[in-house]
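This report describes how the strands of one protein model are arranged and where a pair of charged side chains meets. Please keep the sequence and the structure in view while reading.

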Amino acid sequence: MNLLVINIIGLALIALIIYWFWIYKPKNVQAKDQDVIKIIVEDGVYQPAHISVPVDTEISLEFLRKDETPCAEMVIFPELDISESLQVNKTKSIKLKKLEKGNYQFHCQMQMYKGELVVE
């Protein structure tokens, strides 16, 4: 009986991992000209994590860190050479100038938190 319970728990964990890493698709947010997009940093994710922006649009991203873990203290945009520290329960605004078409990743320093800015 115990072996059956352990196997069921193991299968449930495998299903959860598959869902989280391959099936789950976070909500996509569309930015308009001069938009301010608020991003919550909490529970291991950026919310929203996928942001679409029209080409040649300036936007401002406001990060609100609610997670106190050290991994959440930085946000990095490698392609844009942006690295900012985030303080707990304080908003950090990052203004982005007009970007060329492409995908721009952002993440924490350990790449546990991940997001994508899609310029289309």
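Helices (H or I, at least four residues) and strands (E, at least two) are runs assigned by DSSP and numbered from the N terminus. The model is a predicted one, in which local features need pLDDT of at least 70, side-chain atom pairs count only at pLDDT 80 or more, and totals for chains, interfaces and linings use all residues. Residues are numbered from 1 along each chain as its sequence is written, and side-chain values use heavy atoms, with hydrogens and water left out.

**Strand pairing**

Two strands are said to pair if DSSP finds at least two bridges between them. An open sheet of 4 strands follows the order β3-β2-β5-β8, and its pairing is mixed. Its edge strands, each pairing on one side only, are β3 (45-47) and β8 (91-96). From one strand to the next, the twist averages 25°; the axes behind such angles are lines fitted to C-alpha atoms (for helices over the stretch in contact), and the angles run from 0 to 180 degrees between N-to-C directions. Within this topic, the following table lists several strand pairs.

| Strand pair | Sense | Bridges | Residues that stand opposite |
|---|---|---|---|
| β2 (36-42) and β5 | parallel | 6 bridges | Ile40 and Leu64 |
| β1 (28-30) and β4 | parallel | 3 bridges | Val29 and Ile51 |
| β6 (74-77) and β7 (82-85) | antiparallel | 4 bridges | Met74 and Ser85 |

Strand β4 also runs parallel to β10 (residues 114-119), to which 4 bridges join it; there, Val53 has Val119 in β10 as its bridge partner. The hairpin of β6 and β7 has 4 residues between the strands, and Asp81 takes a positive phi near 55° in this hairpin.

**Charged residues**

Side chains of opposite charge can pair when their charged atoms come close. A salt bridge is a side-chain nitrogen of Lys or Arg within 4 Å of a carboxyl oxygen of Asp or Glu. By this rule, the count is 1 salt bridge. Lys92 forms a salt bridge with Glu84, and the closest N and O atoms are 3.2 Å apart.

Are these residues buried or exposed? Buried means under 20% relative accessible area and exposed over 50%, with partly exposed in between (1.4 Å probe, protein chains only). Lys92 is partly exposed at 29%, and Glu84 is partly exposed at 26%.

Glu58 lies in the loop between β4 (50-53) and β5 (59-65). With a relative accessible area of 33%, Glu58 is partly exposed. The C-alpha atoms of Glu58 and Lys101 are separated by 13 Å, and the two residues are 43 residues apart along the chain.
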